[in-house]
Structure formats: C-alpha cells, structure tokens
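Here is a walk through one protein model and its metal site. Keep the structure open while you read.

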Amino acid sequence: MVFGLNQLIVLKSRDEIKRMAEACRIVAEALDGVKKIIAPGITTVELDKFVESFIISKGATPAFKGYRGYPASLCTSVNEQVVHGIPSIRKLKQGDIISLDLGVYYRGFYGDTAATFPVGEINRTAKSLLAVAEEALYKGIECAEAGRRLSDISFAIQSYVEENRFSVVRNFVGHGIGRELHEEPQVPNFGGPGEGPVLVPGMTLAIEPMINEGTWEVVILDDGWTAVTGDGSLSAHFEHTVAVMEDGTYALTKL
Ligand code: MF3
Ligand code: CO
Ligand code: CO
C-alpha cells in the first residue's frame, strides 16, 4: 500500500492482476458484442439486456446494477448525455452517438470500460469528437507508467483535448479499481503535470476521459443520474481499466 495525501492506494500482486484481467476480458467482450448490435431503431434497454445476459452467461455479475441504486447493467448516454444515462425505450436514430459504460465483478475483482459509438452516419464534428476522446484516453494511458506522477495522466488528457478545441468534464473522474469498483486514487482528466502520487507497479486504474464539444459544465437530470452537457452540445466517453506493471502498463479491457 502507498500512502499519499488523504489516500490509501491498494496495490495488486502479479497474480491478482492476472485475475483482474479475467474480469476485464469479460467486460471488454461484452462491449465488443453490444457495439455490433447498435443500429437505428434499437432501444437502449435492448442494449442493456444484451450486456446483462452476456455478463451472466460468463458467470460474472454486472457491477453497476444496484450500485448506489443504479437500475441497470449498462449506462447508455446518447448525444448531449455525458454519463450515467439510464436505459429506456428510447430508440436510437441515424446520426446519434451513444456512450456505453459497463462494469463486471468476477471472482473477486472488477473490470470497468466505456466507449462511444456512432449510430449509422454521423456528422464531421461528432466524428472528430469521438476520435479526440478516444485518442485522449490513449494519451493518458501512455503517461500511466511506473515512475511518473498521477497528474501526468490528467495533464496529458486535458492538453490533448484542449489543443483540439474540445473541453474536459470536471465533475466526474477516473479511479482506482480492484476488489472495489471505485478505489483510491481519483484520476482527474484535468490539471497540471507532476502532482499526486508516484505511479508504482501494482496500481490498477480506470482512466476515463469525458469530453464535450462545448462547455465542460454538466447538469444532472431529475432522474438523479443522467448527466448532460450544460449547453446541449455532444459528449463522448472512453474508458479502460489499466494495470501499471514493471515492464509496462497494460490496458486490461482492451481485447
Ligand atoms: N461511470 C462510472 C465509472 O465508470 C460507474 C457508473 S456507476 C453506476 O466509474 F451506478 F452509474 F452505474
Ligand atoms: Co465505467
Ligand atoms: Co470507471
């Protein structure tokens, strides 16, 4: 364990990381499966059902269902919805973008991943938002190496996003993950470099930039969950669970 300011980061052994990788593989396969059924006309609750059945068929448990009262296995956030959109009978239509966020619990460990997908043909701005948000995640992962500081991840993400004239959501952050879905440390997607704990082998982090087309500010809808952009502009979200190891950092939720 590493003690930082106000936080206790649980380090995982190589063996624990191997086991975590199994949870991560299941969640990655679930995401890969559900992305193939995204099409105009499908409802978000159908996507949730697919993911839930897939996870259960692998002997794993959906991590989000019941988490702080969340009602589904999948978060489905369409267009201006940033995160935590609740599956409903809303039908996707051509030109929408949809962020899918899902987690599983398997044999003692959690895996957490997210990605944003186009529904049919989408416009240029939407394409660019998706590309920048996904690349921002990889810029963050590149900095998540043993010996660097935690906020190097944050700085890499924010710089890349703002160079591309999009904005980074501040209200939600990435997190440690392992035997709990959310562990220390928080992993913000904004901030200066060279701060926070030094990254060491055994740290397992969920890095998850949320990127808006316009303002970074968000509003929570009356359902108590759905976060939307303050100005109604589009938002995208990509997430991997990664393990910092001696010989490099591995995105465990990447197939
Ligand atoms: N979006 C969160 C994450 O990736 C988890 C959502 S919890 C839920 O860490 F309850 F909303 F599902
Ligand atoms: Co997630
Ligand atoms: Co997460």
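**A buried metal ligand**

Glu239 is buried, with a relative accessible area of 0%. Buried means under 20% relative accessible area, exposed over 50%, and partly exposed in between, with a 1.4 Å probe and protein chains only. This is a predicted model: local features need pLDDT of at least 70, side-chain atom pairs count only at pLDDT 80 or more, and totals for chains, interfaces and linings use all residues. Residues are numbered from 1 along each chain as its sequence is written, chains are lettered from A and ligands numbered from 1 in the order in which they are written, and side-chain values use heavy atoms, with hydrogens and water left out.

What does Glu239 bind? Glu239 (OE) is one of the protein donors of the cobalt ion (ligand 2). The others are Asp101 (OD), Asp101 (OD) and Asp112 (OD), and the donors lie 2.0 to 2.7 Å from the ion. Donors here are N, O and S atoms within 2.8 Å of the metal (3.2 Å for Na, K and Ca); water is not among the atoms, so sites may look incomplete. In sequence, the donor residues follow the spacing D-x10-D-x126-E. Asp101 lies in strand β6 (residues 97-106) and Glu239 in the loop between β15 (235-237) and β16 (240-245), so this pair ties together parts that are 138 residues apart in sequence. Helices (H or I, at least four residues) and strands (E, at least two) are DSSP runs, numbered from the N terminus. Asp101 is buried too, at a relative accessible area of 7%. A second metal joins the site: the cobalt ion (ligand 3) is 3.2 Å from the cobalt ion (ligand 2), and Asp112 coordinates both.

Now step back to the whole chain. The protein chain has four helices and 17 strands. Its radius of gyration is 17 Å, close to the 18 Å that the globule rule gives for 255 residues, so the chain is as compact as a globular protein of that length. That radius is taken over C-alpha atoms, and the rule is 2.2 Å times the number of residues to the power 0.38. Along its principal axes, the C-alpha trace spans about 45 × 45 × 30 Å. Of the 255 residues, 53% count as buried. Among contacts between residues at least 6 apart in sequence, 69% join residues at least 24 apart. Contact means heavy atoms within 4.5 Å.

What fills the interior? In soluble globular proteins, nonpolar side chains tend to be buried together. In this model the largest nonpolar core has 56 residues, of which Leu47, Ile98, Leu100, Ile153 and Ile207 touch the most other members. Helix α3 gives the most to this core, with nine residues. A nonpolar core is a set of buried Ala, Val, Leu, Ile, Met, Phe, Trp, Tyr and Cys residues joined through side-chain atoms within 4.5 Å. Leu47 touches residues including Val34, Ile37, Leu74, Leu92, Ile98 and Leu100, not counting residues up to four places away in sequence. Apart from the largest core lies another, of 16 residues, among them Tyr70, Ala72, Leu181 and Met245.

Helix α4 (residues 150-163) comes next. Its 14 residues should span 20 Å at 1.5 Å a residue, and its end C-alpha atoms are 21 Å apart, which agrees. The expected span is 1.5 Å times one less than the number of residues. Helix α4 is mostly covered: ten of its 14 residues are buried. Among them are Leu150, Ile153, Ile157 and Val161. The cover includes α3 (124-143), β8 (167-168), β10 (183-187), β11 (204-207) and β12 (210-212).

Finally, look at the backbone. Most residues other than glycine have a negative phi, and most peptide bonds are trans. Arg165, in the loop between α4 and β8, has a positive phi of about 60 degrees although it is not a glycine. Arg165 counts as exposed at 72% relative accessibility. Arg107 also has a positive phi, near 45 degrees. Arg107 sits in the loop between β6 and β7 (109-118), and at 59% relative accessibility it counts as exposed. A cis peptide bond joins Glu184 and Pro185, with omega about 0 degrees. Pro185 is in strand β10.
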